[in-house]
Amino acid sequence: MRLLSCEPAVLCEGLRKSFPGRGVVLDGLDLAVTPGTVHGLLGPNGAGKTTAIQILSTLQRFDAGRVVVAGHDVARDPAGVRARIGVAGQYAALDEVLTGRQNLELFGRLHHLRTRAARTRADELLERFRLQAAADRPVRHYSGGMRRRLDLAVSMIRDARVLFLDEPSTGLDPRSRGEVWDAVRELAEAGTTVLLTTQYLEEADRLCSRISVMDHGRIVAEGSPDELKARVGGSLDDAFLELTGGPNLQEAVR
Ligand SMILES: Nc1ncnc2c1ncn2[C@@H]1O[C@H](COP(=O)(O)OP(=O)(O)OP(=O)(O)O)[C@@H](O)[C@H]1O
Ligand SMILES: [Mg+2]
């Protein structure tokens with residue numbers, strides 16, 4: 001039997017993607033994420049982070065390249081990939097009419113948990129994300145931070161091998177952000193691989209063992225937070241500004 005543990009949990013080779021009217025968004029993206037680590041994808045607005053996450057999580061087609069997630073080829077076996085991943089998109093995908101608890105139980109059932117198991121898991125996640133008090137209120141009454149926390153809880157409903165988090169803490173206050181960080185760390189300690197995008201350099205610094213810096217659809221630098229800082233002799237902010245060319249201006253074309 002092959003030893004899967006030494007293979008990357010996420011592998012992207014020469015990934016290319018264009019949108020009609022927009023042109024090239026991913027321009028030969030290469031990425032390898034070590035199993036059980038938290039890996040950050042950093043880059044200015046429009047760099048292609050969300051597009052990459054959507055392709056890796058089977059939600060978007062791609063033009064060329066090879067993408068393998070949890071040992072399954074995304075193009076040839078998307079169902080195999082889907083069975084092993086969790087995703088929290090940049091914008092929450094919750095049912096507004098249902099309560100927080102109902103959303104969690106619904107997603108649990110969609111992931112083939114039995115009713116009782118879905119209920120138990122929902123309770124655990126409501127507690128972890130400090131949502132017990134609001135558990136039985138409809139999501140349309142939730143604040144932005146509460147929605148974000150619930151969305152993350154939903155992405156963790158089933159034990160995923162690989163978790164994709166697109167800007168997991170955007171819009172959260174410092175306390176909620178700290179809770180998200182704790183949850184991500186716990187998951188990684190338990191063996192889950194996490195690939196996250198973030199605009200917060202502090203988040204990448206504290207959470208990620210490796211960071212890939214993206215600009216104009218390709219990786220322009222990669223290393224541990226300390227390696228990237230050493231490269232520019234400054235902070236991660238300095239590294240970000242030096243390594244990327246500012247906002248990707250074509251972003252406005254969408
Ligand atoms: N469905 C689409 N059709 C056309 N263009 C798109 C589409 N989705 C994304 N784009 C364009 O692709 C580029 C990359 O977008 P993407 O959302 O991947 O960037 P991002 O790095 O996630 O940015 P942000 O930091 O703002 O979230 C942008 O120019 C965007 O306008
Ligand atoms: Mg994005």
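**Figure 1. Strands β1 and β4 lie side by side in this predicted model.** Here we're looking at β1 next to β4 (residues 64–69), paired in the antiparallel sense over five bridges. To get your bearings, find R16, which stands opposite A64 in β4. If you need a refresher, strands of a sheet pair through backbone hydrogen bonds, either parallel or antiparallel.

**Figure 2. β1 also pairs with β2, and the two make a hairpin.** Strand β1 covers residues 10–19, and its antiparallel pairing with β2 runs over eight bridges. Two cross-strand pairs are handy for lining things up: L11 stands opposite A32 in β2, and K17 stands opposite L26 in β2. Between the two strands of the hairpin sit three residues. Have a look at the backbone of G21 in this hairpin, as G21 takes a positive phi near 85°.

**Figure 3. Zooming out a little, β1, β2 and β4 belong to an open sheet of four strands.** Which order do the strands follow? Read across and you get β2-β1-β4-β5, with antiparallel pairing. At the edges are β2 (23–33) and β5 (72–73), each of which pairs on one side only.

**Figure 4. A second open sheet is built from six strands.** This one goes β6-β7-β8-β3-β9-β10, and its pairing is mixed. The edge strands here are β6 (85–88) and β10 (218–223), and each pairs on one side only. From one strand to the next, the twist averages 15°. Helix α5 (residues 144–155) packs on this sheet, where α5 touches β6 and β7 (162–166). The direction of α5 makes about 170° with that of β6.

**Figure 5. Inside the six-strand sheet, β3 pairs with β8.** Is the pairing of these two strands parallel or antiparallel? Strand β3 (residues 38–42) and strand β8 (residues 193–198) run in the parallel sense, with five bridges linking them. For a landmark, go to V38, which stands opposite V194 in β8.

**Figure 6. Helices α3 and α4 pack against each other at an angle.** In this view, α3 (residues 100–110) meets α4 (residues 115–128) at about 130°, with the axes 9 Å apart. The two helices are therefore oblique to each other. Their crossing is right-handed. On the α3 side, the contact is made by G100, R101, L104, E105, G108 and R109. From α4, the partners are A118, R119, R121, A122, L125 and L126. Sort the contact by class and you get five nonpolar, two polar and five charged residues.

**Figure 7. Helix α3 packs on α5 as well.** The axes of α3 and α5 come within 9 Å and cross at roughly 20°, which makes α3 roughly parallel to α5. This crossing is right-handed. On α3, look for G100, N103, L104 and F107. They're met by L150, A153 and V154 of α5. What does the contact look like by class? There are five nonpolar and two polar residues, and no charged ones.

**Figure 8. Helices α8 and α9 cross each other.** Now we're at α8 (residues 225–232) and α9 (residues 236–243), whose axes come within 8 Å and cross at roughly 65°. That makes α8 roughly perpendicular to α9. The crossing in which α8 passes α9 is left-handed. Side by side in this view are P225, L228, K229, R231 and V232 from α8, and L236, D238, A239 and E242 from α9. By class, that contact has five nonpolar, four charged and no polar residues.

**Figure 9. Two domains come into contact.** The domain assignment gives domain 1 as 4–84 + 160–253, and domain 2 as 93–159. Taken over C-alpha atoms, their centres are separated by 25 Å. How many residues does each domain put into the contact? Domain 1 supplies ten and domain 2 supplies eleven. On the side of domain 1 that touches domain 2, the largest share comes from helix α6 (residues 174–189), with four residues. Sorted by class, that side of domain 1 has six nonpolar, two polar and two charged residues.

Definitions and conventions
Residues numbered from 1 in each chain as written. Chains lettered and ligands numbered in written order. Predicted model: local features only at pLDDT ≥ 70, side-chain atom pairs only at ≥ 80, totals over all residues. Pairing = 2+ DSSP bridges. Axes fitted to C-alpha atoms, helices over the stretch in contact; angles between N-to-C directions. Parallel < 35°, antiparallel > 145°, perpendicular 65-115°, else oblique. Left-handed = near helix turned anticlockwise from the far one by under 90°. Contact = placed C-beta atoms within 7 Å. Nonpolar A, V, L, I, M, F, W, Y, C, P; charged D, E, K, R; others polar. Domains from an automatic or database assignment.
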